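Please look through the sequence and the model below, and then read the briefing that follows, which is grouped by topic.

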Amino acid sequence: MGRVKQTARNSTGAPAPRMSLGTVSSPTDGEVADIATKGAKRTSPRFSKKPSANKASKKVKENNEFCTNCRNGGKVLECSTCPRVVCEKCMEIPQMTRGAKFICPNCHLFPGDAKAPRIAPYLGLSSSNAPLVLHGGASQRETFPLCSNPHLVVLSLRLASMPRAGSPAMLVYHHLYPYIPNNIALVELEYDFGTAEGLAKYTAAIEAVTDRIEKGDLTSFTTFAVYIMDHTDPERGDLHFTLLPIMKVLNTLIPDRLGRLIKTKSTPKSMLTLLACGSIVTVKEARSDVVAFTNKGFFGCTVAFNQMDFQPCIVNMYVMDAAQAWFVQGKKPEAVLNEHHRVGAHTDIYVFEPNDGAKRYIWSHSGRRPFGEPAPLQCVICKSIKSWGPPKVVRSSPAHALCIILMCTECGHEVKKDRPSGFTKFTSGKINTTERGDWYMQMFLENSLPTESLGQCSTLFWSKLNLNGSHGKRGLHLRETEIHDNKDQLS
Ligand SMILES: [Zn+2]
Ligand SMILES: [Zn+2]
Ligand SMILES: [Zn+2]
């Protein structure tokens, strides 16, 4: 069971030529293959081997190509219970006896997907009581993550007027390419539904792509990262160029025939990312359409953003990281949020899963963005800039903040932000008052969503309320109820 195989290395620092070695699996379970001679004879790299339909239908466990610790290929030992492999640079590969099972470090730590790590000497070989020896330390952020090699199509659906260069889809393609150079394809389509010709042209083009996936040059690909790049109408949440509701646009961009094909083929499940202005999720009707489209089950998840003046260059690094987390490490797009407070300073992130409503992730920084609400750039009374003193966080426990109070050091004016109802702290541990802040999660089932827009015009809320309500007073408490009561004045 514990198989040793040779895989190509992919670090730039390695002396071996990149991705050109070819790989060999050992002929018999539990035996070390004669890598040197077999590797030399082999002409086509293992990557180019297309998974047969037979193999896919049997759901044979396919192990990773790259080491769970160093992300390089080389002589690797396959875990008997999960897809991970460990390379000979990271671990002394033991003598394998026939039938011996190898347990990778992750399966040792988390047997049966246990939540807490099991701390015990690493007896990774079923046939031996001697602990296995790991070398050195970690060279990546995660501890023993999956390092999968998906057969991935990055599908870019871009409004014709938007620039191709620097598009997030292209960045994702370049980002993942070094790990799966023979397993990744970039397919780009432009669309302009403003004219009948434009609509007909796109419909023909997406049909052609569907044919390629079904029976053409893309049949060997089994998972899809789809990016829709568009503008949205700020009032309606419609995609910019048309009066059509977004459901109709999504159905045109990803017709059912393509969607069903994606759903049937996808291992791992595919991912849809909507790169459009925030009203696509802040306007209830638009968001309901995104939920309904997600519920068709074509994609394992849909990711969207609520910033009205959406700036792709601020979220690009997150989008790339989320794709890597999903397709390479088997993690959800929210799993990497803690590394991305920069994106949280720009926008909340919405994650939709089929029949699971919407989850909104909000970055909270007690001084800059208490509970996701941007603090005013200047004191609303004395107009000083950066005059808010150290924020006061009122808490009921080390991990549970009740409200955040900011006071102007120049004039003493005070504003207070209560924790909105339904906010669950997403990042673990006590409240983080450093620049990293905390992420919160707000979950809704679509039928219980509030009717007003979410996450819009935040700065306006703070300043208008102050000016209308209590100009010149000190110690004003801004409360959620006041915000709702005053919403008419904002429209
Ligand atoms: Zn390694
Ligand atoms: Zn394992
Ligand atoms: Zn002031």
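The zinc ion (ligand 1) is held by the protein donors Cys67 (SG), Cys70 (SG), Cys87 (SG) and Cys90 (SG), which lie 2.3 to 2.4 Å from the zinc ion; donors are N, O and S atoms within 2.8 Å of the metal (3.2 Å for Na, K and Ca), and since water is not among the atoms, sites may look incomplete. This is a predicted model, in which local features need pLDDT of at least 70 and side-chain atom pairs count only at pLDDT 80 or more, while totals for chains, interfaces and linings use all residues. Residues are numbered from 1 along each chain as its sequence is written, chains are lettered from A and ligands numbered from 1 in the order in which they are written, and side-chain values use heavy atoms, with hydrogens and water left out.

**Zinc ion (ligand 1)**
- The site of the zinc ion (ligand 1) is tetrahedral, with angles of 105 to 116 degrees among its four donor atoms (four donors count as tetrahedral if all angles lie between 85 and 135 degrees).
- Along the chain, the donors of the zinc ion (ligand 1) follow the spacing C-x2-C-x16-C-x2-C, and both Cys87 and Cys90 are buried (buried means under 20% relative accessible area, exposed over 50%, and partly exposed in between, with a 1.4 Å probe and protein chains only).

**Zinc ion (ligand 2)**
- Cys79 (SG), Cys82 (SG), Cys104 (SG) and Cys107 (SG) coordinate the zinc ion (ligand 2) at 2.2 to 2.4 Å, and the arrangement is tetrahedral because the four donor atoms subtend angles of 104 to 114 degrees.
- The donor residues of the zinc ion (ligand 2) are spaced C-x2-C-x21-C-x2-C in sequence, and Cys104 and Cys107 are buried.

**Zinc ion (ligand 3) and the sheet E12-E13-E14**
- The protein donors of the zinc ion (ligand 3) are Cys379 (SG), Cys382 (SG), Cys408 (SG) and Cys411 (SG), at 2.3 to 2.4 Å, and they follow the spacing C-x2-C-x25-C-x2-C.
- Cys379 lies in the loop between strand E11 (358-364) and E12, whereas Cys408 lies in the loop between E13 and E14, so the pair ties together parts that are 29 residues apart in sequence (strands are DSSP runs of E with at least two residues, helices are runs of H or I with at least four, and both are numbered from the N terminus).
- Cys379 is buried, with a relative accessible area of 0%, and Cys408 counts as buried at 1% relative accessibility.
- Three strands form an open sheet in the order E12-E13-E14, with antiparallel pairing (two strands pair if DSSP finds at least two bridges between them).
- Strand E12 (392-397) and strand E14 (414-418) stand at the edges with a single partner strand each, so one side of each is left without a neighbour in the sheet.
- Strand E13 (residues 400-407) is joined to E14 by five bridges, and the bridge partner of Ile404 in E14 is Lys417.

**Strand E1**
- Strand E1 (residues 4-7) points Val4 and Gln6 one way and Lys5 and Thr7 the other way, and all are buried.
- E1 pairs with strand E3 (residues 74-78) in the antiparallel sense over four bridges, and Gln6 stands opposite Lys75 in E3.

**Helix H5**
- The buried residues of H5 are Gly198, Tyr202, Ile206, Val209, Thr210 and Ile213.
- The face of H5 turned away from its buried side carries the exposed residues Ala196, Glu197, Lys201 and Lys215.

Terms used: Four donors count as tetrahedral if all angles lie between 85 and 135 degrees; four count as square planar and six as octahedral if opposite donors are over 155 degrees apart and all others between 65 and 115; anything else is irregular.
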